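Thanks for coming. I have one chain to go through, and I will start with a single residue before turning to the whole.

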Amino acid sequence: MNSFWAKNRQNRNFMIGFVISVLMLVFILVGFFITPYDPDRMDASSKLAGLSWKHPFGCDNFGRDLFSRVMEGAGTTFLIALGTVGIGVTGGMLIGALTGYFGGLVDEILMRINDAIFAFPSILLALLFISLFGGGSFNVVMALGVAFIPSFARVVRGEFLKQKNLDYVQSARLAGAGHVRIIFVHILPNIYPVLLSTFMIGFNNAVLAEASMSYIGIGVKPPDASLGSMLSEAQSYFFTAPWYALAPGCAIVLLILGFALMAEGIKKNT
């Protein structure tokens with residue numbers, strides 16, 4: 001970890017992305033415990049109120065404080081994206097490791113299934129899942145997580161194909177190390193920079209996917225806030241109250257930008 005930090009701290013893109021991501025994570029973590037106002041509290045007298053010291057991001061069409069709503073919505077979007085990538089990475093890592101390391105019939109069967117799923121856009125697969133099992137945060141996480149597995153599996157498989165015949169793996173085999181030990185103790189630690197950058201890119205894709213699904217009304221359901229559903233609510237007031245869309249829109253951009261810059265920095269040093 002020290003060598004990883006030493007290599008990347010000199011990279012400007014990585015450090016800018018790191019600072020942005022830390023600030024966004026602090027913003028989200030604070031929102032889990034406290035917000036300036038109740039995110040769901042309506043105030044008719046503050047309907048579409050502009051930016052002020054009392055309401056730094058303004059208010060929405062129900063008079064709800066947008067700063068508090070963005071804090072809650074960013075947390076919801078972050079957790080859904082994190083759960084999505086967690087499922088995708090776990091499933092993809094197992095499939096990719098097995099197919100890349102063992103090859104043969106295991107590779108042929110699992111990768112043909114993986115390729116068949118990968119042929120369909122992840123959003124389309126998620127929509128199919130939601131149509132069968134309904135909406136809500138949990139189902140969105142499961143739908144997007146399963147849809148993300150094939151892309152992670154392909155990346156991990158490619159790395160295992162590169163690593164499995166290298167000298168350090170051959171030495172481990174000669175020393176009597178079993179397959180499980182070679183996969184999880186020897187190979188995986190050597191490909192963690194690729195896994196980390198892939199995780200960050202996947203997180204960004206998950207943020208966009210969740211925001212898109214909530215925007216069209218099949219993701220997080222009102223009154224729960226998510227950045228995508230807030231953008232959907234704001235579209236009718238874009239010209240009369242532009243701050244309504246600006247707040248959640250900027251939150252999405254910053255969430256994605258931070259991880260994208262860090263992923264780019266990591267790739268340059270691998």
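Leaving aside neighbours within four places in sequence, which residues is His55 in contact with? This is a predicted model, so what I say is about the prediction. In the model, His55 contacts Tyr37, Ser46, Gly50 and Asp65, once those sequence neighbours are set aside. One of these partners, Asp65, also has a polar contact with His55, side chain to side chain, at 2.8 Å. His55 sits in the loop between helix 2 and helix 3. Is His55 buried or exposed? Its relative accessibility is 6%, so His55 counts as buried, the limit being under 20%.

The same loop question applies to Leu48, which is placed between helix 2, residues 12-33, and helix 3, residues 66-102. Leu48 has a relative accessible area of 23%, and therefore is partly exposed. Its phi is near 55 degrees, a positive value in a residue that is not glycine. As background, most residues other than glycine have a negative phi.

Now the whole chain. How many helices and strands are there? The chain has 11 helices and 0 strands. Along the principal axes, the C-alpha atoms fill a box of roughly 75 × 45 × 30 Å. Of the 270 residues, 44% are buried. If you take contacts between residues at least 6 apart in sequence, 70% of them join residues at least 24 apart. The exposed area is about 13,500 Å², and carbon and sulfur atoms supply 69% of that area. On charge, there are 18 positive and 15 negative charges, and their mean positions lie 9 Å apart.

Next, helix 10, residues 227-234. Which of its residues are buried? They are Leu227, Gly228, Ser229, Met230 and Ala234. The cover over these buried residues includes helix 3, helix 9, residues 192-215, and helix 11, residues 243-268. Take Ser229 as an example. At 5% relative accessibility it falls under the 20% limit, which is why Ser229 counts as buried. Beyond four places in sequence, Ser229 is in contact with Ser214, Tyr215, Val220 and Asp224.

Just before that helix, Pro223 lies in the loop between helix 9 and helix 10. Pro223 and Pro39 are 184 residues apart in sequence, yet their C-alpha atoms are 9.4 Å apart in space. Not counting residues up to four places away, Pro223 touches Asp40 and Arg69.

Asn13 can be set beside that. Asn13 lies in helix 2, and its C-alpha atom is separated by 29 Å from that of Trp243, 230 residues along the chain. What does Asn13 touch, not counting residues up to four places away in sequence? The answer is Leu261, Met262, Glu264 and Lys268. With a relative accessible area of 19%, Asn13 is under the 20% limit and so is buried.

Gly145, in helix 6, residues 137-163, is another buried position to look at. Its relative accessible area is 0%. With neighbours within four places in sequence left aside, Gly145 is in contact with Thr84, Ile87 and Gly88. The C-alpha atoms of Gly145 and Leu98 are separated by 19 Å, with their positions 47 residues apart along the chain.

Last, the cysteines. A disulfide is a covalent bond between the sulfur atoms of two cysteines. How many disulfides does the chain have? The count comes to 0. Why does Cys59 form no such bond? The closest cysteine sulfur to that of Cys59 is in Cys250, 17 Å away, and a disulfide needs the pair within 2.5 Å, so the distance is too far for a bond. Seen from the other side, the closest cysteine sulfur to that of Cys250 is in Cys59, again at 17 Å and too far for a bond. As for their surroundings, Cys59 has 0% relative accessibility and counts as buried, whereas Cys250, at 37%, counts as partly exposed.

To go back to where I began, His55 is buried and has its 2.8 Å polar contact with Asp65. That is the end of my part.

Methods. Residues numbered from 1 in each chain as written. Predicted model: local features only at pLDDT ≥ 70, side-chain atom pairs only at ≥ 80, totals over all residues. Heavy atoms only, no water. Helix = DSSP H or I, 4+ residues; strand = E, 2+ residues; numbered from the N terminus. Buried < 20%, exposed > 50% of the residue type's maximum accessible area, 1.4 Å probe, protein only. Contact = heavy atoms within 4.5 Å. Areas by Shrake-Rupley, 256 points an atom, 1.4 Å probe, with all protein chains shown as cover. Lys, Arg positive; Asp, Glu negative; His and termini not counted. Charge placed at Lys NZ, Arg CZ, Asp CG, Glu CD. Polar contact = N/O pair within 3.5 Å; in protein donor to acceptor, adjacent residues only side chain to side chain.
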